[in-house]
Protein chains: 2
Amino acid sequence: MTSTAARTPDRQVDFYFDFSSPYSYLAAEAVDAAAARHGHTVNWIPIMLGVIFKSTGSGPLTEQHPWRASYAVMDFKRSADMAGLPFAFPSRFPQAGHNAARVLLGLQKTAPHKAKPFALAVFRNLFVHDGDIQQADNLAAIGKTLDLDEAALLASIQDPVVKSQLVANNEAATRRQVFGAPTFFVGSEQFWGHDRLPHLERRLAELAATQTGR
Amino acid sequence: MTSTAARTPDRQVDFYFDFSSPYSYLAAEAVDAAAARHGHTVNWIPIMLGVIFKSTGSGPLTEQHPWRASYAVMDFKRSADMAGLPFAFPSRFPQAGHNAARVLLGLQKTAPHKAKPFALAVFRNLFVHDGDIQQADNLAAIGKTLDLDEAALLASIQDPVVKSQLVANNEAATRRQVFGAPTFFVGSEQFWGHDRLPHLERRLAELAATQTGR
């Protein structure tokens, strides 16, 4: 169920997500605090779920059987309520997340302290404020609220090195048999779904207990 | 997302399940206590998930893409561990649950106090003790541990009235847009999955607060 080709470093959680995924938004709001409670940090790894779905023959929840699709839309909101997070299903859905992912990857290299705040701002723009995260100018507007360099932000979207990094992220996710988002890894152990954060925390607590010799 | 054709009575949770579903087993071990904490009882409704899947074009988790299937098998055990329940993935899987469902439906009419204990014994036989719940004689052996009338038990499996009841359960589930198991209803509100028991409890707590005028 997990590949031996990749392993998350000690005391780090790998967090694979797609900006267009509602459950990824809920996870993004919670995963750093969950990991920190057990002495771990989180490596945020944007991927393109559409590419993953081509490997697995799957598709977005909202494009599955109508009963399941309408249940999913209701469950997004219910899960957000349960987590105490605001949520409004976007009027444009799904939205392609590759531009936002590229900006994030650029920031991770050039201004890493702004990377997670930008990612959270993108998620909130889409899933709280019904924004459009596909267009470069809208991403620039989000960046402006964080005092990001607009020229650098727009350059990331066209940067071939950044584009290659996003492709590499998708390939790494595929090697690790990621089939949905969000997906977390602790070492080679895979956890899929916002609703598995308690399972992730349980494992991190076990590891913390082992590492402190208890 | 829910049909207006059916509504669970006040202070009752409808619990749709399939005996061959691992997450149904986990739910069966917990749902009565969860409901009771908020003044509700639970109506156990066996269905044939294979019939439901014909409506929705879906299938068992273990027959989906290999990455997801192997993840599911691991998640069954992890979810059981998280819930403090024993679990061992059966060597024969999936198993047809219609005979067990018919025995349960017979008991619900003739010996209702034995119905839930029988259902739990079937689930544990399959998911803890690697049993075979398909064969009538194995179900009779399970019944024996509960002092059930063996002749009546075996008769239920062939009883046309009981068979019709199981068909009616599947039809009711379909009308309510059930697409997986376990599924719970509170009124017309649908909750899908063992992992949504906390959502169910949250809703029951809200209802209890409303009904007591708080």
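This is a short talk about a predicted model with chains A and B, going from the contact between them to a few pieces inside each chain.

Okay, let's start with the interface. The contact draws 20 residues from chain A and 20 residues from chain B. On the chain A side, the elements that put in two or more residues are α4 (66–83), β4 (189–192) and α10 (197–211). Which of them gives the most? That's α4(A), with 7 residues. If you like to think in residue classes, the side of chain A that touches chain B has 8 nonpolar, 8 polar and 4 charged residues.

Now, α10(A), since it's on that list. As a sanity check on the geometry, 15 residues at 1.5 Å a residue should span 21 Å, and the end C-alpha atoms of α10(A) are 21 Å apart, so the two agree. Its buried residues are Leu197(A), His199(A), Leu200(A), Arg203(A) and Leu204(A). Where do those sit around the helix axis? They cover an arc of only 160°, which puts them on the same side of α10(A). Over on the other side, Glu206(A) and Ala209(A) are exposed. And what covers the buried residues? The cover includes α1 (22–28), α2 (31–36), β3 (183–186) and β4 of chain A, and also α4 (66–83) of chain B. So yes, the other chain has a hand in covering this helix.

Next, the sheet in chain A. We've got 4 strands in an open sheet, ordered β2-β1-β3-β4, with mixed pairing. β2 (41–46) and β4 of chain A are the edge strands; each has a single partner, so one side of each has no neighbour in the sheet. Ignoring direction, neighbouring strands are turned by 20° against each other on average. Zooming in on one pair, β3(A) and β4(A) are antiparallel, with 4 bridges. Phe184(A) stands opposite Phe191(A) of β4(A) there.

Over to chain B. Its sheet is open too, 4 strands in the order β2-β1-β3-β4, and again the pairing is mixed. At the edges we find β2 (41–46) and β4 (189–192) of chain B, each pairing on one side only. The twist from one strand to the next averages 20°. Strand β3 (residues 183–186) of chain B runs antiparallel to β4(B), and 4 bridges join them. The facing pair I'd point you to here is Val186(B) opposite Glu189(B) in β4(B).

Staying in chain B, have a look at α6(B). It has 13 residues and reaches 18 Å from first C-alpha to last, close to the 18 Å expected at 1.5 Å a residue. Its buried residues are Phe118(B), Ala119(B), Ala121(B), Val122(B), Phe123(B), Asn125(B), Leu126(B) and Phe127(B). Among the elements covering them are α1 (22–28), β2, α5 and α7 (136–144) of chain B.

Last stop, Lys114(B), in the loop between α5 (98–110) and α6 (115–127) of chain B. Why does Lys114(B) count as partly exposed? Because it has 18 C-beta neighbours inside 10 Å, and a buried residue needs 20 or more. Leaving out residues up to four places away in sequence, Lys114(B) touches Leu107(B), Leu146(B) and Leu148(B). Its C-alpha is also 9.5 Å from that of Gly143(B), 29 residues away along the chain.

That's my tour; happy to take questions.

Definitions and conventions:
Residues numbered from 1 in each chain as written. Chains lettered and ligands numbered in written order. Predicted model: local features only at pLDDT ≥ 70, side-chain atom pairs only at ≥ 80, totals over all residues. Contact = placed C-beta atoms within 7 Å. Nonpolar A, V, L, I, M, F, W, Y, C, P; charged D, E, K, R; others polar. Expected span 1.5 Å × (residues − 1). Buried ≥ 20, exposed ≤ 12 C-beta atoms within 10 Å, placed from the backbone. Arc of directions from axis to C-beta. Pairing = 2+ DSSP bridges. Axes fitted to C-alpha atoms, helices over the stretch in contact; angles between N-to-C directions.
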